[in-house]
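Welcome, and thanks for taking a look at this model with us. Below is a short tour of the ligand sites, the contacts between parts and a few backbone details.

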Amino acid sequence: MVESATIGEIVLEVEDLRTYFRTRFGTVKAVDGVSFNLRKGETLGIVGESGCGKSVTMLSMMRLVPIPPGRIVSGKIVLDGEDLLQLSEGEMTNIRGSKIALIIQDPMTSLNPVFSIGSQVAEAIKLHHDIPHRSVVDQALEVLRKVNIPAAETRMRDYPHQMSGGMRQRVVGAIGISCEPMVLIADEPTTSLDVTIQAQYLKLLKDIQKESDLSLIFITHDFGIVAKMCDRVAVMYAGRIVEMGSVRDIFNHPSHPYTEALLASVPKMEQDVERLYSIEGQPPTLHDLPEGCPFAPRCPHVMDRCRTEYPPQIDQSETHYASCWRLA
Amino acid sequence: MTTTPETSGNGQIILEARDLKKHFPVTKGLLFSKITGWIKAVDGVSFEVRVGETLGLVGESGCGKSTTAKMLLMLEEPTDGSILFEGEDVHLTTQAKRREYRSSVQAVFQDPWSSLNPRMRVRDLIAEPMVINWDMDRGGVMERVQKLLNDVGLNEYHSNLFPHEFSGGQRQRLAIARALALNPKVIVLDEPVSALDVSIRAQIMNLLKDLQNEYNVSYLLIAHDLATVRYMCTWVAVMYLGQIVELAPVKELFENPLHPYTKALMSAALPSHPDTVQDEMILMGEVPSPLNPPPGCYFHPRCPFAMDRCSVDVTEAKEPSPQHWVSCHLY
Ligand SMILES: Nc1ncnc2c1ncn2[C@@H]1O[C@H](COP(=O)(O)OP(=O)(O)OP(=O)(O)O)[C@@H](O)[C@H]1O
Ligand SMILES: Nc1ncnc2c1ncn2[C@@H]1O[C@H](COP(=O)(O)OP(=O)(O)OP(=O)(O)O)[C@@H](O)[C@H]1O
Ligand code: SF4
Ligand code: SF4
Ligand SMILES: [Mg+2]
Ligand SMILES: [Mg+2]
């Protein structure tokens with residue numbers, strides 16, 4: 001693991017967040033009672049299979065869920081002492097980018113193809129700082145240098161399509177950090193990157209974090225990113241957090257059968273593995289969740305009780321809990 | 001590169017690439033009549049695929065992996081070099097032999113189903129290669145479709161569905177079933193699990209291994225993820241900018257990487273545990289363009305070990321230890 005910044009007081013608290021979508025199949029409970037907190041300078045990883053609600057959780061925190069079909073049904077998102085869900089749209093616009101920023105999954109769609117990258121970074125800065133144009137350009141340049149865009153003065157005038165995937169990703173990163181937010185959410189920020197470029201980018205994020213005590217949330221499928229970047233991990237399944245702990249809790253003592261299974265299904269570079277464990281079946285569809293524990297149909301430890309009652313959250317240690325009847 | 005590692009099956013070479021090249025013209029002007037340069041997508045690549053074994057091809061985006069695969073699949077004409085199948089040059093042999101080659105070498109891509117007719121039912125999509133290539137009656141074809149679906153862990157119920165009714169992992173199973181239809185001897189797997197979730201990935205990798213054991217089919221596996229390669233492969237070739245810079249049996253390559261680029265790739269790979277100690281070797285700069293590769297060793301602008309001669313002299317393959325090939329002036 002990369003050495004972390006010093007971890008301070010709680011900056012963000014999410015409490016019992018529920019975000020539902022109305023679809024023609026019925027109500028999709030994409031996020032169904034998610035709670036967690038985040039400290040200053042801390043990196044939290046959120047892992048789980050495709051469709052388990054990771055992105056919708058983050059969109060809810062940014063208040064960017066499309067309404068309709070979506071609706072934040074309940075919950076609190078307290079950032080720096082303020083519940084974001086109580087703010088007006090205008091107030092939220094001021095907070096987005098300046099206090100909490102999101103780097104979305106696909107760098108190409110988050111950049112506008114008709115504007116130069118310099119002007120897009122400048123625009124992000126202007127949105128939140130009332131400063132003269134001249135110094136906006138200087139600041140944009142500085143941010144681009146910070147994310148290691150070579151020859152930033154000239155590359156500023158480039159359009160997104162003139163840059164490689166790795167560079168575009170860094171530009172999106174530059175926009176994310178340009179307003180020095182307290183919390184930066186990175187949704188699968190490196191999936192489209194090459195291994196060596198990914199390593200550069202992850203190191204960069206860590207460096208920025210150390211410098212500014214940024215709190216990071218990493219959304220990913222990839223336990224490698226978690227092992228490298230995160231202090232704590234939340235494992236999501238079917239719209240809920242099923243296990244949460246420090247990165248070592250999760251890797252050394254996974255307690256939820258789903259976490260165990262996920263870890264066992266990842267091949268390792270350092271050793272020969274005869275056969276990978278594989279979880280049979282697929283994650284449930286969120287408009288038609290089974291009663292009880294949603295992992296029950298795939299769980300090797302399933303008991304009668306699992307099929308009727310949702311398991312309670314059971315503490316494993318001060319830093320570690322999981323929701324599973326096997327632990328009760 | 002003629003001997004076999006201990007891990008091999010019977011070691012017989014089935015498919016061989018000899019100094020393969022693919023250069024794409026860069027054109028300009030009206031009707032693109034003026035050629036202004038060449039993209040050397042693949043620039044002199046040689047390797048062997050053996051019966052029942054898996055050769056991994058790794059390297060950064062744009063280094064020419066898919067172009068190499070397309071040449072083997074005869075979807076791209078090589079600019080130079082040759083492809084030998086069971087010892088015979090596929091471009092110089094008879095029409096009939098070439099047909100046989102095409103059905104013996106099949107492919108599975110990252111999401112092949114996105115390009116298939118969405119209005120065809122799964123059973124017809126899987127039957128299609130047999131209908132085209134084999135003189136087999138309908139009943140026989142349908143029987144084989146069922147057998148193939150069972151082989152990949154699906155059942156009769158699925159044969160009536162349309163591709164969009166499947167999840168990503170199931171679609172990849174279908175693609176594998178279709179690739180197996182003609183009893184191929186080699187399957188080219190171009191990033192077959194990259195788009196899948198970890199849990200589904202494990203299912204598909206295990207399936208591919210089982211099928212290899214059962215049918216003794218050979219794989220050429222293209223992948224980004226080194227852990228996937230370690231799990232799946234017998235041999236690994238590392239590509240950089242259109243060339244193979246290192247080739248070795250899988251264990252040897254992971255335990256004793258020689259080329260600086262291979263070392264950088266390994267140190268950049270994500271750890272499997274937070275306590276994994278990694279020697280950080282973060283490369284600066286981007287992968288150079290194959291349109292304008294640097295002189296000497298193509299890796300020298302990013303290489304932490306570059307010496308004076310590296311920017312001048314081209315490298316050639318050496319075999320510093322048995323079966324371990326590397327192209328670098330350090331050896
Ligand atoms: N606009 C929408 N309308 C209806 N359902 C939606 C919408 N957006 C998301 N969902 C549903 O919400 C659930 C959670 O989706 P989400 O995007 O959060 O998954 P994810 O965990 O980020 O997956 P991935 O790893 O694939 O990005 C999914 O079942 C998805 O189909
Ligand atoms: N039809 C084509 N015309 C021109 N250039 C091409 C063509 N096909 C590929 N190239 C170029 O050849 C080089 C090698 O591409 P290729 O698709 O083989 O890379 P790859 O190793 O498979 O990359 P990735 O990991 O991103 O799939 C790239 O620079 C690409 O832009
Ligand atoms: S509650 Fe029951 S079904 Fe759910 S994970 Fe635990 S043991 Fe498995
Ligand atoms: S030949 Fe020189 S530049 Fe190329 S990889 Fe070897 S040491 Fe590095
Ligand atoms: Mg997502
Ligand atoms: Mg490719």
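Which residue has an N or O atom in its side chain that is 3.2 Å from an oxygen atom of ligand 1? In this predicted model, the residue is A:His221.

**The site of ligand 1**

Let's stay with that ligand for a moment. Ligand 1 is surrounded by 16 residues, and the closest are A:Ser50, A:Gly51, A:Lys54, A:Ser55 and A:Val56. Besides the side chain of A:His221, the backbone takes part as well: an N or O atom of the A:Gly51 backbone sits 2.8 Å from an oxygen atom of the ligand, and for a backbone atom of A:Gly53 the distance to a ligand 1 oxygen is 3.1 Å. On its own, ligand 1 has 640 Å² of accessible area, and the protein covers 69% of that.

Where does the shell around ligand 1 come from? In chain A, β1 (10–23) and α1 (54–61) each supply at least two of its residues. The most comes from α1(A), which gives three residues. By class, the shell of ligand 1 holds seven nonpolar, seven polar and two charged residues.

**The site of ligand 2**

Now over to chain B. Around ligand 2 there are 14 residues, with B:Ser61, B:Gly62, B:Lys65, B:Ser66 and B:Thr67 the closest. An N or O atom in the side chain of B:Lys65 is 2.8 Å from an oxygen atom of ligand 2. Two backbones join in: a backbone N or O atom of B:Gly64 lies 3.0 Å from a ligand 2 oxygen, and one of B:Cys63 lies 3.2 Å from an oxygen atom of ligand 2. The protein buries 65% of the 640 Å² that ligand 2 exposes when taken alone.

For this shell, β2 (34–50) and α1 (65–72) of chain B each provide at least two residues. The largest share, three residues, is from α1(B). Sorted by class, the shell around ligand 2 contains five nonpolar, six polar and three charged residues.

Here are the polar pairs from both sites in one place.

| Residue | Part of the residue with the N or O atom | Ligand oxygen partner | Distance |
|---|---|---|---|
| A:Gly51 | backbone | ligand 1 | 2.8 Å |
| A:Gly53 | backbone | ligand 1 | 3.1 Å |
| A:His221 | side chain | ligand 1 | 3.2 Å |
| B:Cys63 | backbone | ligand 2 | 3.2 Å |
| B:Gly64 | backbone | ligand 2 | 3.0 Å |
| B:Lys65 | side chain | ligand 2 | 2.8 Å |

**The site of ligand 4**

Which residues are the closest to ligand 4? They are B:Cys297, B:Cys303, B:Cys310, B:Cys328 and B:His329, out of 13 residues that surround the ligand. The shell around ligand 4 has nine nonpolar residues, four polar residues and no charged ones.

**Domains and chains**

Let's step back to chain A as a whole. Its domain assignment gives domain 1 (10–99 + 181–327) and domain 2 (109–179). The centres of these two domains of chain A, taken over C-alpha atoms, are 29 Å apart. Their contact involves 16 residues of domain 1 and twelve residues of domain 2. About 1,100 Å² is buried between the two domains of chain A, with carbon and sulfur atoms giving 63% of that area. On the domain 1 side, A:Tyr201, A:Leu204 and A:Ile208 lose the most area to domain 2, together 37% of what that side buries.

How many residues of chain A are in contact with chain B? There are 45, and they meet 43 residues of chain B. The area buried between chain A and chain B is about 3,800 Å², of which 54% is given by carbon and sulfur atoms. In chain A, the residues that lose the most area to chain B are A:Val195, A:Thr196 and A:Met269, together 18% of what that side buries.

**Backbone details in chain A**

Finally, a few spots for anyone checking backbone geometry. Most residues other than glycine have a negative phi, and most peptide bonds are trans. The peptide bond from A:Ile67 to A:Pro68 is cis, with omega near -25°, and another cis bond, with omega about 5°, joins A:Pro68 and A:Pro69. A:Pro68 is in the loop between α1 and β4 (70–79) of chain A, and A:Pro69 also lies in the loop between α1 and β4. A:Asp80, in the loop between β4 and β5 (82–83) of chain A, has a positive phi near 55°.

Definitions and conventions:
Residues are numbered from 1 along each chain as its sequence is written. Chains are lettered from A and ligands numbered from 1 in the order in which they are written. This is a predicted model: local features need pLDDT of at least 70, side-chain atom pairs count only at pLDDT 80 or more; totals for chains, interfaces and linings use all residues. Side-chain values use heavy atoms; hydrogens and water are left out. A residue is near a molecule or strand if one of its heavy atoms lies within 4 Å of it. A polar contact is a pair of N or O atoms within 3.5 Å; within protein, one must be able to donate a hydrogen and the other to accept it, and residues adjacent in sequence count only if both atoms are side-chain atoms. Accessible areas come from the Shrake-Rupley method with a 1.4 Å probe; for residues, only the protein chains shown count as cover. Helices (H or I, at least four residues) and strands (E, at least two) are DSSP runs, numbered from the N terminus. Ala, Val, Leu, Ile, Met, Phe, Trp, Tyr, Cys and Pro count as nonpolar, Asp, Glu, Lys and Arg as charged, and the others, Gly among them, as polar. Domain bounds come from an automatic or database domain assignment. Contact means heavy atoms within 4.5 Å. Buried area is the accessible area (1.4 Å probe) that two parts lose on being put together, summed over both.
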